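Student: I have a structure open on my screen and would like to learn how to read it. Could you take me through a few features?

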Amino acid sequence: MYLIVNIIGVLVYLGIAFLFSKKKKAINWKSTAIVLVLNLVIAWVLTSFSWGREAVQAAADGFNWLVQVAYQGIVFALPNWVTPNFGGTAKSMNFVTSSLLPILLVVPMFDILTYIGVLPWIIKWIGRGLSKITGQPKFESFFSVEMMFLGNTEALAVSRLQIQTMRAERNLTLAMMSMSCITASIIGAYTQMVPGNYVLTAIPLNILNAIIITNILNPVTIEPEEDIIAKVGGSSAAEQSDVEEDGSKEPFFSFLGDSILGAGRLILIIAANVIAFVALAALIDQLLGLINPWLSLEHILGIIMFPFAWLMGLDVSHAFQFAQYMGTKLVTNEFVVMGKIAPTIHDVAKYGAHYQAILTVFLTSFANFSTTGMIIGAFKGLADKKSNELISKNVGYMLLSGILVSLMSAGIVGLFVW
């Protein structure tokens, strides 16, 4: 019965996207169906076959290994922050040490891969292959892959040339897709808190579901002459981030220094957001408690999100708990919820494999209220006035897109994990 409910849930999420579609008659159903089938196949392979599970687990183990290597640098500077099994003297590691400080290694590593051209090459060819298979526009396919490696604001920044040449409607599609991204440099932090195999499974599913949902919510007909990727000097937009104004490549150590400083800023931003959001949520709970001791932000959000959680194929008690986590993630961020569930989410006996899988996948994205502000801010410096006005008017669609993509990814994984 729960499997049937889960199937109905996926159809309901698609139905909601269709209900709010801007141009129902312009939806490319053939392409949407191809992407949906590809989505189901990938989820099936990565969760139901031993070699598929071993592949994503190996990738997750790779990120965990990278984090453990990062601890060596932390031990050198802050030995009392790291536990003895990694060479330190701490009794336990806090959130900043275990999840955030390793970003100081991971971000420069991915930036080096970008500098030497490896990462742009991977993004370019996966994007082209995705466009060929699905029939989606070249740049939208390219961007869906790009944002999952680089993050939303970073992917938008390196796509500046393309954004400046595209119609406002296509830029709105990019804004909506950006709600569902993560960045590869933070995967290591995720895998320290929640099951890494499901984090890695969520990444390709989010890419495909971002294409599906935006294709339904904001279908845009693109003529062949529009379906190009802007280039400067023979290099795609994704390859311009390390090129200076005179066209020369930035010196490596200057580039690396900027990357490390950027990683430090990222850690401060995440830490500040987590502290502020947790504190604000606690303040709201205290104020609500003055009205009624039962009232809390999580309870209110749980009631609002409960129908969508129940459609994941959960019993009532687990659905209400899941809905609370969903709501908390949307009004704060994924790190806040991951920090709460980290001590227990790995216990399959307590929650069950289905709950563990769908919760982890749902959390693996930047879809929340604050992300809308980041995306609007990024477009302010990149796009023309018409695009900015259209994006600003469609904040609700951006948020709806992010929520539906997370629901679709979690629902599809849920079909195969019980």
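Student: At what angle do the axes of helix α15 and helix α16 cross?

Tutor: Happy to help; first, a word on the source. This is a predicted model, where local features need pLDDT of at least 70 and side-chain atom pairs count only at pLDDT 80 or more, while totals for chains, interfaces and linings use all residues. Residues are numbered from 1 along each chain as its sequence is written, and side-chain values use heavy atoms, leaving out hydrogens and water.

Tutor: Now the general idea: two packed helices are described by the angle between their axes and the distance between the axes. Here, α15 (residues 316-331) and α16 (residues 334-341) cross at roughly 140°, and their axes come within 7 Å. Axes are lines fitted to C-alpha atoms, for helices over the stretch in contact, with angles from 0 to 180 degrees between N-to-C directions. Helices are DSSP runs (H or I, at least four residues), numbered from the N terminus.

Student: Why are α15 and α16 called oblique to each other?

Tutor: Because angles under 35 degrees count as roughly parallel, over 145 as roughly antiparallel, 65 to 115 as roughly perpendicular and the rest as oblique, α15 and α16 are oblique to each other.

Student: Which residues of α15 meet α16?

Tutor: Tyr 325, Thr 328 and Lys 329 do, and their partners in α16 are Glu 334, Val 336, Val 337, Lys 340 and Ile 341. Contact means heavy atoms within 4.5 Å.

Student: Is Thr 328 buried or exposed?

Tutor: Thr 328 is buried, at 7% relative accessibility. The cut-offs are under 20% relative accessible area for buried, over 50% for exposed, and partly exposed in between (1.4 Å probe, protein chains only). Not counting residues up to four places away in sequence, Thr 328 also touches others, including Glu 298 and Leu 301.

Student: How many salt bridges does the structure hold?

Tutor: In general, side chains of opposite charge can pair when their charged atoms come close. The structure holds 2 salt bridges, each a side-chain nitrogen of Lys or Arg within 4 Å of a carboxyl oxygen of Asp or Glu. One joins Arg 170 and Glu 140 (2.9 Å, N to O). This pair links distant parts of the chain, with Arg 170 in α10 (residues 168-178) and Glu 140 in α7 (residues 138-150), 30 residues apart. Arg 170 is buried at 2% relative accessibility, and Glu 140 is buried at 7%.

Student: And where does Glu 389 sit relative to Lys 385?

Tutor: Glu 389 and Lys 385 are 4 residues apart in helix α20 (residues 385-393), so about one helical turn separates them. Their closest N and O atoms are 3.9 Å apart in a salt bridge. Glu 389 is partly exposed at 39%, whereas Lys 385 is exposed at 62%.

Methods:
Helix = DSSP H or I, 4+ residues; strand = E, 2+ residues; numbered from the N terminus.
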